[in-house]
Amino acid sequence: MAGVYNKILGDGRELCVTDSAAVTVRAEDGRYVNNTNVSAFISNLPIVGSDTRNFSTREASGSTSQATNVSEAIEMGASAILVDEDVSAANFMSRDGRMRALVMDESITPLLYRVNGLYAKHGISSIVVVGGVGDWLDVPNSVIKLDRYVTSDALEKAKSISRQFSHNHVQYGGRGLVHRLQWDGDGTPKRRRPAEIGGVKDTQQCRVSLLDAGGKLSILQEYGHESDDDDMEGGDSDDDTGIIDMTRCEQLLGGYHQLFACGICALWILKLAKEKPELDLNELVNELDKTLDQEAGMVSLVRSMSTPSPAPSAQYFSLLLNIGHIIRPRRYEVIMALTRIRGIKFDQLPTEADEDDIRVKEAAEERKRSLAKLWANRRKS
């Protein structure tokens, strides 16, 4: 988990490394979700009108929140997901043969059934820490056993155990072997962009604040610019609008210095999204990285968080007074902060596949019009 960050020579963890694009994934009961495609894992929800290709909720369950986190890891371009059985939703991780026999129309497709397809389709590895469910021995390419803090390669033994106990011959709803499902094209997250926060139209007047609870931020309008009926669409005045809960984002290791920086970066992206509505979430974060890679880095970003004025912003003074400095976060934690802003709305952007579909439909409509015109002319003659 911490291996994504560089270590100081002599720290003792120099050889404990993880790909810098690896992202932890866990259950987050109560997580806010807006317009996320979780259909690869969740379907047939018992809610009228629910569409898991555009899933939204103010209070996600353990399974739907973890499905969202995996989908967003794909969306943000993670190279690997890091999963710990202890902090995961049990029904999202796996389901054994007895439960499949009892509940045949289950709305959850467990992660166990998807990890091979996820790698085959998107090249994303899954590193899973398990100790209680042996079904995982049917799917790995590598098995490392930890016994009294000593590691050993247990892949061959795992394969032998799998051959004895595996139920891989079972079909999963006619879609393939139960533990090795192909990745469905519809399950891939689509391009989207942040639109607004709870109807707040002027993000230029927003500021970032640390909350006393720890691990939480607030993006609200500055004093004197609070949202009233004219600023809020539909009079939405939920008390938690603008709150960002990062308490379960486990790779945010820089404390409130890095947490505050996530808020600054998220607010900067919200402002850029208004200026460049054609950019999706990843493209907006690419622009952020370009800015942070410049010599001034985070300093220039914080100074830019002001109303149109040459004077330093309230944001800048708040930073100096409260925490003194900030630590640059990874792009992945910035996206996590953005997607967890309570009240934020995301708009979907067209993909190349969508544009191809539109062209095909337009061509079909044109053919229909041509045929109709041809028949009309023949009738006249």
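Here is a short walk through a sheet, a hairpin and a pair of helices in this structure. Keep in mind along the way that the model is predicted.

Let us begin with the sheet. Strands of a sheet pair through backbone hydrogen bonds, either parallel or antiparallel. Here you will find an open sheet of 3 strands, in the order β1-β4-β5, and its pairing is parallel. At the edges lie β1 (22–25) and β5 (125–129), each of which pairs on one side only. Ignoring direction, neighbouring strands of this sheet are turned by 25 degrees against each other on average. To look at one pairing in detail, follow β4, residues 80–84, which runs parallel to β5 over 5 bridges. Within β4, V83 has V128 of β5 opposite it.

Next comes the hairpin, where the pairing is antiparallel: β6 (residues 144–147) and β7 (residues 150–153) are joined over 4 bridges. D147 sits opposite V150 in β7. Between the two strands there are 2 residues, and in this hairpin R148 takes a positive phi near 55 degrees.

Finally, turn to the helices. Two packed helices are described by the angle between their axes and the distance between the axes. For α7 (residues 281–292) and α10 (residues 331–339), the angle is about 130 degrees and the axes are 11 Å apart. The two helices are therefore oblique to each other, and their crossing is right-handed. On the α7 side, L281, N282, V285, N286, L288 and D289 take part, meeting R331, V334, I335, L338 and T339 of α10. Sorted by character, the residues of this contact comprise 6 nonpolar, 3 polar and 2 charged.

Notes: Residues are numbered from 1 along each chain as its sequence is written. This is a predicted model: local features need pLDDT of at least 70, side-chain atom pairs count only at pLDDT 80 or more; totals for chains, interfaces and linings use all residues. Side-chain values use heavy atoms; hydrogens and water are left out. Two strands pair if DSSP finds at least two bridges between them. Axes are lines fitted to C-alpha atoms, for helices over the stretch in contact, and angles run from 0 to 180 degrees between N-to-C directions. Angles under 35 degrees count as roughly parallel, over 145 as roughly antiparallel, 65 to 115 as roughly perpendicular and the rest as oblique. A crossing is left-handed if the near helix is turned anticlockwise from the far one by less than a right angle, and right-handed if clockwise. Contact means heavy atoms within 4.5 Å. Ala, Val, Leu, Ile, Met, Phe, Trp, Tyr, Cys and Pro count as nonpolar, Asp, Glu, Lys and Arg as charged, and the others, Gly among them, as polar.
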